[in-house]
Amino acid sequence: MLDAICELETEDHLTARTTYSVFKFQQLSDDDIERLRQWLICPACGGKAYFRKASKDGKAACFGSRYHQADCIEFKPSAQKSREEQDAIEVHQQLVDADALMIDFSRKPRRHSPANKAPTAPSASKTAPTAKSSSISESSAISESSPVPVAPSMDAQVQESKTDYQVNTAAHTTEKRVPSQGLEKLLHSLLRGTDLAKSDLWVYTDTERKYRWRAKNLFVNFADADPLDNKPHMYWGTISHTDPTMSWLNPADSKDIGIPIDGIKQPLLAQFEIEDKRDLEGAGLILFGKCFWNKEKTRKIIQLWNNDLQRIFISKLED
């Protein structure tokens, strides 16, 4: 997209709409770009839009959107679009055919091979727990009385609610096969508008099939994150931009949420082949984590569960 509309609410509670060309927008000061970029929409369909700066290797600055309407004239078919739509079709069919779904956190994405690319951080092994230890931590947290074993700022206990999840006491006696799905296709299906986030489908978050959630209670868009919920969820949406040090991810779906990644930054960037801030602008994001207020209660924080890299997926935009 060469143009985008910036919608800002004035002090009189009126909406001011300004159309920017990408050429004009990139000439704004860095402060103005950071202030306005989360208020951009597509001029044709009104979908939430993003701005990507020019890259060092010569790629031009551009506007874009992951929320175009299907018939939007700004929507350009691409290999990525086709792949994401196929993922959405696959997940939708599982919603129709299956009674339950298991999240396979260990499933590797198709376009990235973290196992073949060593993390650049020397302490990567300390920041990325093993699948076994992570599974134990998660199971303990979802039990009726155990505290959340995550970052010190996340010391509140998970409150049991049968509408959100249940302990499946028959998990080890049933032989019925439950289809599994990785974070990549789940994210693409959510971005492409499937009914996954509204479904009553049971979703297992552990391989032992002991803990299950209703999909409509498990999958939460960043815009709907509630710090008073006191339970972990699969949060999803898109990234608007990062802070200058790439220590925080800022969702496009909400202006008052921050996702800290400083403690896992190097292995995370290596895992998803992120080379600079531009790679994160407009990217899709899904993670299992918990939402809470900052000390001043002015900003919501979503913390990745146990800083476990298996429980986060970033879908970069393809140029």
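## Cysteines and disulfides

A disulfide is taken here as a pair of cysteine sulfur atoms within 2.5 Å. By that criterion, a search of the whole structure, which is a predicted model, returns 0 disulfides. Two cysteines may be placed by their accessibility. Cys62 is partly exposed, at a relative accessible area of 22%, whereas Cys291 is buried, at 2%.

## Overall architecture

The protein contains 8 helices and 17 strands. Of its 319 residues, 52% are buried. The exposed surface of the protein amounts to about 15700 Å², and carbon and sulfur atoms contribute 49% of that area.

Among contacts with a separation of 6 or more, 66% are made by residues 24 or more positions apart.

## The three-stranded sheet

An open sheet of 3 strands is arranged in the order 2-1-3, with antiparallel pairing. Strand 2 (15-21) and strand 3 (40-41) occupy the edges; each has a single partner strand, so one side of each lacks a neighbour in the sheet.

Strand 1 (residues 3-9) pairs with strand 2 in the antiparallel sense over 7 bridges. Glu9 has Thr15, in strand 2, as its bridge partner. A salt bridge also joins the side chains of Arg17 and Glu7, at 2.4 Å from N to O. This pair connects distant parts of the chain, with Arg17 in strand 2 and Glu7 in strand 1, 10 residues apart. Glu7 is partly exposed, with a relative accessible area of 27%.

## Helix 6 and the residues after it

Helix 6 (residues 183-191) is mostly covered, with 9 of its 9 residues buried. The buried residues include the charged-type names Glu184 and Lys185 as well as Leu183, Leu186 and His188. Just after helix 6, Gly193 adopts a positive phi of about 85 degrees.

Arg192 forms a salt bridge with Glu84, the closest N and O atoms lying 3.0 Å apart. Glu84 belongs to helix 3 (residues 79-97) and Arg192 to the loop between helix 6 and strand 9 (202-204), so the pair ties together parts that are 108 residues apart in sequence. Glu84 is buried, at 1% relative accessible area, while Arg192 is partly exposed, at 28%.

## Other salt bridges

The count of salt bridges comes to 14. One of them links Asp308 and Arg311, whose closest N and O atoms are 3.0 Å apart. Asp308 counts as buried at 1% relative accessibility, and Arg311 counts as buried at 4%. Elsewhere, Glu34, Arg37 and Glu281 are joined in a network of salt bridges.

Methods:
Residues are numbered from 1 along each chain as its sequence is written. This is a predicted model: local features need pLDDT of at least 70, side-chain atom pairs count only at pLDDT 80 or more; totals for chains, interfaces and linings use all residues. Side-chain values use heavy atoms; hydrogens and water are left out. Buried means under 20% relative accessible area, exposed over 50%, partly exposed in between (1.4 Å probe, protein chains only). Helices (H or I, at least four residues) and strands (E, at least two) are DSSP runs, numbered from the N terminus. Contact means heavy atoms within 4.5 Å. Accessible areas come from the Shrake-Rupley method with a 1.4 Å probe; for residues, only the protein chains shown count as cover. Two strands pair if DSSP finds at least two bridges between them. A salt bridge is a side-chain nitrogen of Lys or Arg within 4 Å of a carboxyl oxygen of Asp or Glu.
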